[in-house]
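Let's take a walk through a protein model together. Keep the 3D view open and turn it as you read.

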Amino acid sequence: MGSDKYMPLFETKRAKGRVLYRLFAGTLFTGICFIWAYRVGNIPKRGEDGRWVWIGLLGAELWFGFYWVLTQALRWNRVYRCIFKDRLSQRYGEEDLPGVDIFVCTADSTVEPPIMVMNTVLSVMAYDYPAKKLSVYLSDDGGSKLTFYALLEASKFARHWIPYCKKFKVEHRSPAAYFASLSKSNHHGDTRNLADIKKLYEEMEDRIETATKLGRIPEEAYLKHRGFSQWDSYSSRHDHDTIIQILIDGKDPNATDVDGCALPTLVYLAREKRPQHPHHFKAGAMNALIRVSSNISNGQIILTLDCDMYSNNSLCIWDALCFFMDIEKSHDIAFVQFPQAFENTTKNDTYGGSLLVPYNVELHGMDGLGGPLYIGTCCFHRRDVLCGRKFTKGCKFQWKIDDDNKGRKSIQELEEETKPLASCTYEQNTEWGNEMGLKYGCAVEDVVTGLSIQCKGWKSVYFNPEKKAFLGVAPTTLAQALVQHKRWSEGHLQILLSKHSLERFVQAKISLGLQLGYICYNSWSVNCLATLYYSIIPSLCLLKGISLYPQVSDPWFMPFACVISAKYIYSLIEFLCCGGTILGWWNEQRIWLYKRTSSYLFAFIDAILKTLAFTNVTFLITPKVTDEDASQRYEKEIMDFGASTPMFTIIATLAMLNFFCFAGMVMKVIMDANVFKLFEEMPLQILLCGALVLINLPLYQGLFLRKDKGKVPSSITESAFVLALDRSCPFVCNNRKFSYVTWKHSSTCCLKLLICSHKLLSRHKYKGYNLYPICCFHNQLGATSRQCERWVTKKN
C-alpha cells in the first residue's frame, strides 16, 4: 500500500495570465456598452424611416453582447490537471483496483462500418490493465447479425492481438491505426511477428468486409456458433427479442490468449425492441448496458465510448483512476471527461471538426467552475453515481466487491438470467431515464445527464493529456457537419426549454459561473436569429444607401472599431494557441456562419415544435463513411456542397444576396465616382458585406465554377439565385437616391442577370413561384412588358 504519508494523485493548476485576460475582457465589455448606448440613443423617432430596422439591430447587438458575456464564463477561471500514476501503482495493488466496464455503442452497420467498430473494441480490450478487472460491452442497437459476426471474428483475433501489443509495447492499440502508422514510418522491430499479426488482421478484415458487402454471413460461421440462432425470431431492427452473447468470460480460467494469459470479458448486446414501446435511442441503449453489466461484471467504473472513438493510450484507465482514488480529493468526483480528438482532420480543418477552442479552452474553463459537461464519449463514470446515488459530504467508495457467486454460473445461465434486464418493458414504473441512468427526452442525453449529476452536488474533472487518449473520425462533408451541429444545438435548446430547466438551475448545487457556461451551450441555436438579421439587413440597406453605423469621423465609430478588431484579433490568437493555423481560423469563421444560419435555424425551429409537442424527439446518426470522391476532396481541403439539403439552400441564398448587394454597391461607386464619400458614410456596412462575400468564395466556386460532384446541386443554385433576386430587387427598385443615368447604366448588368435566371428557371420546376418582383425590376430598368414576358414567366 506504500507509505502512510499522504501524497496527492493529482494536482490542479490555474491558467497563467488570468488577470491580464480579465482586464482585456472588462475593456471589451466597456466598448460593448458604448455600442448599446449608441443604438439606444439614436433610435429614429416614431414615423421616421428605418426605425424598425434600427430596433432590430439593437436587438441583435444586445444578444451578441449578452452571448459574449456568457462565453466569458468559459474563460474566466481556466484550470489544468496533472496526475501522478506512479503514486497510484505504489499505493494500490492489483486486487485493490476497481473493475472497469467499457461500453461501446453502435446503431447502424450501414453508416458505422463493422470493421471500424471492431478496431475500437480491440483497442480497449488491449488496455494495460488487469484482464480480470476489465470487461468490454458492445451495444448493437441495430441488432445486426453482421455486427455480431464481426465481433465474433474480433474475439478470435484478440487472442493474438492483445499479447502482441503487450509484448512489443504497441502504442496504437487499434490494429488499423497501428498498421497505418507503420506504413508512414520505418519499422525496425520483429518483422516476422509483425508479418504474422498483420496477416491475421487482414484475413479478419477481409472476412468482415466481405460479409458486409454481401449483406450475409458465411454459412459455416452461422452453423458453428450457437449465438446466431437468436436471430431466428428476428423481424427487424425495431422489432426483435433481447440478444445477449458472452463471447469471452474473463472469469473462465480457460479464456486465455495464445500466451496463456487471461482475456477481458467481451459481451454482445442487442436490447429488445418493439414498435409499440419507446426505445429512447442512445440513452435507452446505455441504460440497458448499465443493467446488463451490473449482472455480469458490475465494474465500479464505466467508460462510455462512441464506436468510432478508439483508444490511443493504453494507460488512460490509470489516468482516470488518479482522480477517482485520491483518498482526500476524490470523494465528490462523479466523472472524468477526456476530450475528443480526431485522426482524420486536415491541416486547416475545413469543417471545424476538431473543435480546438472548446476542447482546449472552454472545457478547461468549465473545469475551474465545478466541472465540464458530459459529452457522451471518452468519459469515465462512477457506476453508483450514474445509477442515481446522491452526494453527501464525507461519502466513501468501496472498490473491492465480492462477486464470486456470479463467477460460478455458466455462460448460458448468466445470459438467460440477464436477458430480462434488457427487455423493453423493464423500465416501466421505474426511475430509469429520470433519476437513474441517462436521462430521456433530449437529443443530447449525455449533456442533460451530466448536468443532473452536477446539480446533485457532484463534481466532474476535465483531463486533456498531451497524448490524446482517444481518436475518432470527424465529419468529412459539410452536410455531415451541419447535421451533427443541428442535433447538438437542438438538444441543448431542449434542455433550456424543458419544464424542469428553471428549477434545475435555481435549486442547483452548482456555481453561477457553471450555470452561465451551460446556458452558453444551451443557447447555441438562439444565435441564428441575430446572425440571420446581421447577414441580411445591413447588406440590403447598403444597397439602398441607408447608413446603419456611425461615420468614420463620428466619435461613436471608435467603440465599433475597437470591439470588432479586439474580438477578432483575440479569437485568432486563441485559435493559434490551440494549435490551429491562420487558414484554419478563417475556415472556422466560415463554419461559424454556416452553422448559425442553417443548423441552428433548423434546430431552433425543431426544438420549439418539440417543446410544444408538435413533433417527437429524433436522433440522427452522423455517417462514418463517405464515397471515395468525397474523401479525396476532403483530403485536398475542397469543400463539399454536393448534398441536396434545405440547409444549403439557405446558405447559398444568403451568399447570393450579399453578392448582389456588394455588386450593387460597387456599381454605385463606379457610377457616382465618389468612392471616399461612400466609405466615409458607410464603412462598417461595406466591411460587413465584403467580409460575407469573401468568406463565401468557396461557395461561389461551388455555385458557378466547379464541375465535380462536390459542386452545389443545380436545383439549389437556381433556388438561391431566384430567392436572392426576389429579396434584393425591391430594395433596388425603391431606391430614390439612384439617378436615371445610374439606372440606365446598371440595366445592362441587371438584364444579363435576369436572362441567366430565365435560363435557369426554364430548366427547373418553379411552378407557381411568384416572380412579380423581378418583372417590376425589369420594367423600372426600361424594359418593355413584352421583353419581360420573354425572359420570365409570371405566375400569380
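Start with a word you'll need straight away: two residues are in contact when they have heavy atoms within 4.5 Å. Among contacts in this chain between residues at least 6 apart in sequence, 83% join residues at least 24 apart. A quick note on the source: this is a predicted model, where local features need pLDDT of at least 70 and side-chain atom pairs count only at pLDDT 80 or more, while totals for chains, interfaces and linings use all residues. Residues are numbered from 1 along each chain as its sequence is written, and side-chain values use heavy atoms, leaving out hydrogens and water.

Now the overall picture. The chain has 30 helices and 12 strands; these are DSSP runs numbered from the N terminus, with helices being H or I of at least four residues and strands E of at least two. Of its 796 residues, 57% are buried. Buried means under 20% relative accessible area, exposed means over 50%, and partly exposed lies in between (1.4 Å probe, protein chains only).

Next, look for rings. The whole structure holds 46 aromatic pairs. Rings of Phe, Tyr and Trp (its six-membered ring) pair if their centres lie within 6.5 Å; planes under 30 degrees apart are stacked, over 60 edge-to-face, and the rest tilted. Take F29 and W36: their ring centres are 6.2 Å apart and their planes stand at 90°, so this pair is edge-to-face. Is each partner buried or partly exposed? F29 is partly exposed at 31% relative accessible area, whereas W36 is buried at 19%. Another edge-to-face pair is F641 with F648, at 6.1 Å centre to centre and 70° between the planes. Here F641 is buried at 1%, and F648 is buried too, at 4%. You can also find an aromatic cluster made of F34, Y38, W54, F64, Y534, Y549, W556 and F560.

Rings can have charged company as well. A charge sits over a ring if NZ of Lys or CZ of Arg is within 6 Å of the ring centre and within 35 degrees of the ring normal. The charged end of R87 does this over F84, 4.0 Å from the ring centre, and K329 does it over F10, at 4.3 Å.

Finally, head back to helix α1, residues 18-41, and pick out V19. At 62% relative accessibility, V19 is exposed.
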